[in-house]
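Open the model in your viewer and keep the selection box ready. We will go from strand to strand, then to helices and charged pairs.

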Amino acid sequence: MGLPADYPTDALAEVEQTVARPLPTEERVDATDLPLVTVDPAGAKDLDQAVLVRRRARGYRIDYAIADVAAYVSPGGALDREARRRGQTLYLPDGNIPLHPTRLSEDAGSLLPDEVRAAVLWRIDLDPDGSPVRVDVRRALVRSVARLDYEGVQRGLRLGCAHPSIELLPQVGRLRREQAVRRGAIELGLPEQQVESDGRGGWRLVLRPRLVVEEWNAEISLLTGMCAAEMMLEAGIGVLRTVPDPEPEVVAGLRRSANQLGVHWPVDRPPAVALAGLDPARPEALAVHVAATRLLRGAGYTAFDDGAPAKSGHAGIGASYAHVTAPLRRLVDRYAAEVCLAVAAGRGIPGWVTEALAELPSAMGGSDRTAAQVERACIAQAQAWALAARVGEEFPATVLRVPNGVAGEIFLGDPPIIARCAGHGLTEGQRVRVRLATADPHRREVEFEVA
């Protein structure tokens, strides 16, 4: 796919020079006394965010520190040019292709525990219902006190021994999830296929369930992104992540499909409420979730510098939204954060930000397409490897969708495969027995037929 294997030498040299200098302290608050913690997948090293959740007299206070990548990247320099070319970190089963050199993304810029780091510190006060009542953002020096992972946090919460910095995360997470449904956020409960090492030098496909603590943690990031979007819209300059609202006829078509599958969906029930009430483990519900992907078409980025754009919403979130919480892994976050910092401080937007705004939607769109192609290729390769010796075998499967009358897309539970299946009369949500017709690792192709 023409992916970059190595980082340019001049960019690597620039990083070494930058990280060798002392951290700039001017215009930074000293927030190293905050007991922030990072919560990420086990083994993660590019730690963008550190969080602290506390109670206020009425409501909650969220302190959310985001790695300040702009402290290490000189506008127009070799590192900046290469980061613009890459757009985002690409995650593959056998290694990552980072947006920034690992010396920065996994070391000097990462919010590693017990290390003083430059950060963009968001402070968001919430009322008792979880709605923001005050938002502040400024540059800071922070020190994470612990590196936590999702499984450990979930286990600690279940046993009643959660880290004090996030013991209120379930309360805030539930409040924000309730608000998401009320906002009309369209969230899809789809199985997440992943490729992982089998421990014997090979690879295997797994379905990774999303832990509830991941959803709660994600709500903090979404909250911050929504606050950032509001700041930029009010200032009339910035860059948003946008997804248009689905057309009424698309919603009506999905509702008809759901009812045909036996999933009751009254005409007065909005998609957010209907989808939130489904258990994707049920075959017919899984088919509805897959079909619901048509509600979230047209995702992109919208840059603006002369007032708020006409269309600024994100249908998947039910509000305006901006990427600001993953600058180590995603290019646009560094620029959006600079806009918010300038707006909060009442000063002008830096020239290097305004000059790049118009180019960001194209750069991010291209890197999003590359990331999607890489993910599909890895999964397709692993599927073909897993099934190469099983051509002719039969499997139970669920029909996910039927785009035409002679073929559909099916889901196997073991191994967890999503693939094309030939056959007449397939219907969404149907349970069928299928026969493996093709498994070609060279072409990364897997195809079934109705048994």
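Which residue in S18 is the bridge partner of Ile410? Select Ala419, which is that partner.

Before moving on, note the ground rules. This is a predicted model, where local features need pLDDT of at least 70, side-chain atom pairs count only at pLDDT 80 or more, and totals for chains, interfaces and linings use all residues. Residues are numbered from 1 along each chain as its sequence is written, and side-chain values use heavy atoms, with hydrogens and water left out.

**Stop 1: the barrel**

Select S17 (residues 407–412) and S18 (residues 417–422). Six bridges link the two in antiparallel pairing. Strands here are DSSP E runs of at least two residues, helices are H or I runs of at least four, and both are numbered from the N terminus. Pairing requires at least two DSSP bridges between two strands. Four residues form the hairpin from S17 to S18.

Add S20 (residues 445–450), which pairs with S18 in the parallel sense over three bridges. Ala422 faces Glu449 of S20.

Now add S16 (residues 394–404), antiparallel to S17 with four bridges. Thr398 sits opposite Phe411 in S17.

Show the whole set: S16-S17-S18-S20-S19 is a closed barrel of five strands with mixed pairing. On average, neighbouring strands are turned by 50° against each other, direction ignored. Axes are lines fitted to C-alpha atoms, for helices over the stretch in contact; angles run from 0 to 180 degrees between N-to-C directions.

**Stop 2: helices on the sheet**

Select H9 (residues 283–291), which packs on the sheet and touches S16, S17 and S19 (431–440). Contact means heavy atoms within 4.5 Å. The direction of H9 makes about 35° with that of S16.

Next, select H12 (residues 360–387), also packed on the sheet. H12 touches S16, S18, S19 and S20, and its direction makes about 60° with that of S20.

**Stop 3: H6 and H5**

Go to H6 (residues 212–235). Its 24 residues reach 35 Å from first C-alpha to last, close to the 34 Å expected at 1.5 Å a residue. That expected span is 1.5 Å times one less than the number of residues. Is H6 mostly covered or mostly open? Mostly covered: 18 of its 24 residues are buried. Buried means under 20% relative accessible area, exposed over 50%, and partly exposed in between (1.4 Å probe, protein chains only). Just after H6, Gly236 has a positive phi of about 80°.

Jump to Gln179 in H5 (residues 169–183). Gln179 is buried, at 11% relative accessible area. Leaving out residues up to four places away in sequence, Gln179 touches Asp129, Gly130 and Ser131.

**Stop 4: charged pairs**

Side chains of opposite charge can pair when their charged atoms come close. A salt bridge puts a side-chain nitrogen of Lys or Arg within 4 Å of a carboxyl oxygen of Asp or Glu. The count is 30 salt bridges.

Select Asp10 and Arg81, a salt bridge at 3.9 Å, N to O. Asp10 is in H1 (residues 9–20) and Arg81 in H2 (residues 78–86), so the pair ties together parts 71 residues apart in sequence.

Select Arg103 and Asp107, whose closest N and O atoms are 2.6 Å apart in a salt bridge. Both lie in H3 (residues 102–108), four residues apart, or about one helical turn.

Finish with Arg204 and Glu196, a salt bridge at 2.8 Å, N to O. Then select Arg28, Asp68, Arg139 and Glu338, joined into one network by salt bridges that share partners.
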